[in-house]
Amino acid sequence: MYDPNNNVQRSSYANLMHSDPNLSIGPGDDETYSARTSSFSVMGASFYDDNPRISTDGCSPMMMSPWNQVTPFANNKTPWPHPLPPVEDALPQNSLIGSLVREEGHIYSLATRGDLLYTGSDSKNIRVWKNLKEFSGFKSASGLVKAIVISGEKIFTGHQDGKIRVWKISPKNTSVHKRSGSLPTLKDIFKCSIKPSNYIEVKKHRSALWIKHSDAISCLSMDQDQGILYSASWDRTFKVWRTSDSKCLESIPAHEDAVNSVVATTGGMVFTGSADGTVKVWRREIQGKGTKHFFMQTLLKQECAVTALAVDEKGSLVYCGSSDGLVNFWEREKNLAHGGVLRGHKLAVLCLAAKGSLVFSGSADKNICIWRRDGTVHTCLSVLSGHTGPVKCLAVEEDKEKKEPGWTVYSGSLDKSVKVWSVTDQPPHNMGMGMMMQHQ
């Protein structure tokens with residue numbers, strides 16, 4: 001069913017609270033997050049501010065923690081997509097292509113593989129989409145789908161129940177996905193459980209095997225070159241897995257509170273961000289058949305939670321989103337010196353992505369800021385507006401059909417929708433040369 005106003009019905013979020021360690025709902029937030037009409041016409045260009053945001057803008061966003069909720073929805077009857085009708089004219093530079101809406105749960109994770117989009121929600125379903133239409137899907141036995149990572153023919157999903165599930169794509173039929181196991185494997189759990197020394201204290205009067213996460217998986221990150229998977233968890237650790245044999249190589253007690261994000265990048269460097277307000281840097285060394293991670297430094301220490309991390313494709317810049325609405329960044333070529341702050345959101349930054357010369361930040365304020373990077377100078381090109389709930393996850397793929405550099409951006413939201421955007425790295429035409437740039 002096509003909705004010309006692109007509105008998405010939302011539930012009363014204030015009644016759906018969940019004890020996420022870095023997310024909370026305060027008095028009056030339900031009114032703040034009241035539903036609003038999309039700023040898009042049928043194929044209109046995205047909304048952008050008359051005063052573009054820059055990293056040195058002096059106005060500080062409101063200091064407010066993000067919010068979240070986990071509620072199961074079991075309505076699997078309505079098939080998704082709501083594509084916008086085709087038009088003959090070319091799309092505006094930054095425009096909405098279509099919306100995928102299915103009343104089965106909030107969208108928590110996204111991943112792309114070629115022309116396929118994978119979506120994870122609190123319905124426990126992983127849906128696969130192609131050309132804005134449902135292509136296939138598979139379902140886990142339990143656990144909200146918090147993270148999805150794809151490596152070759154394998155798909156790794158991280159869940160609220162602390163498990164990492166592994167799926168394989170059938171070589172004969174790419175629409176078929178079969179469960180091939182979980183991390184850690186049952187064999188490794190049995191072998192590890194024999195030795196008392198393999199048990200660690202995870203809570204007062206409670207112990208668990210070190211190879212298992214004892215709380216929700218918050219993030220997954222893949223080092224494709226080394227075949228190593230990283231998992232971050234609310235249990236305050238991140239774990240290191242060798243994907244060839246599903247072995248847990250290492251468990252690092254990284255933070256004093258939930259680890260919300262982990263990112264592996266070039267040169268064996270790993271970054272973690274936590275609800276304790278810190279961003280830490282780790283160095284990986286290969287030792288025999290295993291690995292050893294060494295703490296290097298703390299990039300950031302603040303009162304508010306770190307909610308998202310991203311690294312640009314060259315691995316030269318590290319971005320950190322926080323619950324105060326700010327995005328900090330550091331320059332690896334300058335020994336991880338602090339490069340500046342991007343001020344574009346009024347509420348918490350919940351997700352980040354970096355592709356080409358662009359950086360994307362999704363927020364609890366329901367918007368997505370598009371930043372263009374020129375060296376280390378960042379300018380906000382536009383703000384994508386249309387979701388009626390917090391933007392929880394982002395995925396970006398190069399649009400190879402465009403003559404100029406262009407991207408297809410997928411945004412998943414707690415309004416239960418995924419929106420698909422067409423984006424370029426050029427400023428909107430009507431912004432002219434008056435756009436402000438970052439001051440060094």
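Start by selecting Thr272 and Lys280: Lys280, in β19, is the bridge partner of Thr272. This is a predicted model, where local features need pLDDT of at least 70, side-chain atom pairs count only at pLDDT 80 or more, and totals for chains, interfaces and linings use all residues. Residues are numbered from 1 along each chain as its sequence is written, and side-chain values use heavy atoms, with hydrogens and water left out.

**Stop 1: the β18, β19 and β20 hairpins**

Show residues 269-274 and 278-287. These are strands β18 and β19, antiparallel and joined by five bridges. Strands here are DSSP runs of E with at least two residues, helices are runs of H or I with at least four, and both are numbered from the N terminus. Two strands pair if DSSP finds at least two bridges between them.

Now go to the turn. Three residues separate β18 from β19 in this hairpin. Gly277 sits in that turn, with a positive phi of about 90°.

Extend the selection to residues 290-301, strand β20. It runs antiparallel to β19, with ten bridges between the two. Pick Ile286, and you will find Thr291 of β20 opposite. Two residues lie between the strands of the β19 and β20 hairpin. Gly288 in this hairpin has a positive phi near 65°.

**Stop 2: the sheet from β3 to β6**

Move to residues 107-113 and 133-139. They are β3 and β6, the edge strands, each of which pairs on one side only. The open sheet has four strands in the order β3-β4-β5-β6, and its pairing is antiparallel. Neighbouring strands are turned by 20° against each other on average, direction ignored. For such angles, axes are lines fitted to C-alpha atoms, for helices over the stretch in contact, and values run from 0 to 180 degrees between N-to-C directions.

Add residues 116-121 to see β4, which pairs with β3 in the antiparallel sense over six bridges. Label Leu110 and Thr119: Thr119, in β4, is the bridge partner of Leu110.

**Stop 3: the sheet from β7 to β10**

Select residues 145-151 and 177-183 next. These edge strands, β7 and β10, each pair on one side only. The sheet is open and has four strands, ordered β7-β8-β9-β10 with antiparallel pairing. Here the average turn between neighbouring strands is 25°, direction ignored.

Strand β8 covers residues 154-159, and six bridges join it to β7 in the antiparallel sense. Look for Ala147, with Gly158 of β8 opposite.

**Stop 4: from Pro184 into helix α2**

Step along to Leu183 and Pro184. The peptide bond between them is cis, with omega about -5°. Pro184 belongs to the loop between β10 and α2.

Continue to Asp188 in helix α2, residues 186-193. Is Asp188 buried or exposed? Asp188 is buried, at 10% relative accessibility. Buried means under 20% relative accessible area and exposed over 50%, with partly exposed in between (1.4 Å probe, protein chains only). Show what surrounds Asp188: leaving aside neighbours within four places in sequence, the contacts are Ile211, Ser246 and Lys247. Contact means heavy atoms within 4.5 Å.

**Stop 5: two positive phi values**

Find Asn335 in the loop between β23 (326-331) and β24 (337-343). Its phi is near 55°, a positive value in a residue other than glycine. Asn335 is exposed, with 70% relative accessible area.

Jump to Lys416, in the loop between β30 and β31. Phi of Lys416 is also positive, near 75°. Lys416 is buried, at 4% relative accessibility.

**Stop 6: the second largest pocket**

Select Asn131, Asp399, Glu401, Thr408 and Tyr410. Of the 21 lining residues of the second largest pocket, these are the closest to its centre. The pocket holds about 710 Å³ of space. Elements that give two or more residues to the lining are β2 (95-101), β4, β5 (125-130), β29 (391-398), β30 (406-413) and β31 (417-424).

A pocket is an open set of points on a 1 Å grid over the protein atoms alone, where a 1.4 Å probe fits, with protein on both sides within 12 Å along at least five of seven lines; lining residues have an atom within 4 Å of a point. Points are joined across faces, edges and corners, and the volume is the space filled by probe spheres set on them.

**Last stop: Cys351 and Cys393**

How many disulfides does the structure hold? It holds zero. A disulfide is a pair of cysteine sulfur atoms within 2.5 Å. Select Cys351: the nearest cysteine sulfur is that of Cys393, 6.4 Å away. Cys351 is buried, with a relative accessible area of 6%. Cys393 is in no disulfide and is buried at 6% relative accessibility.
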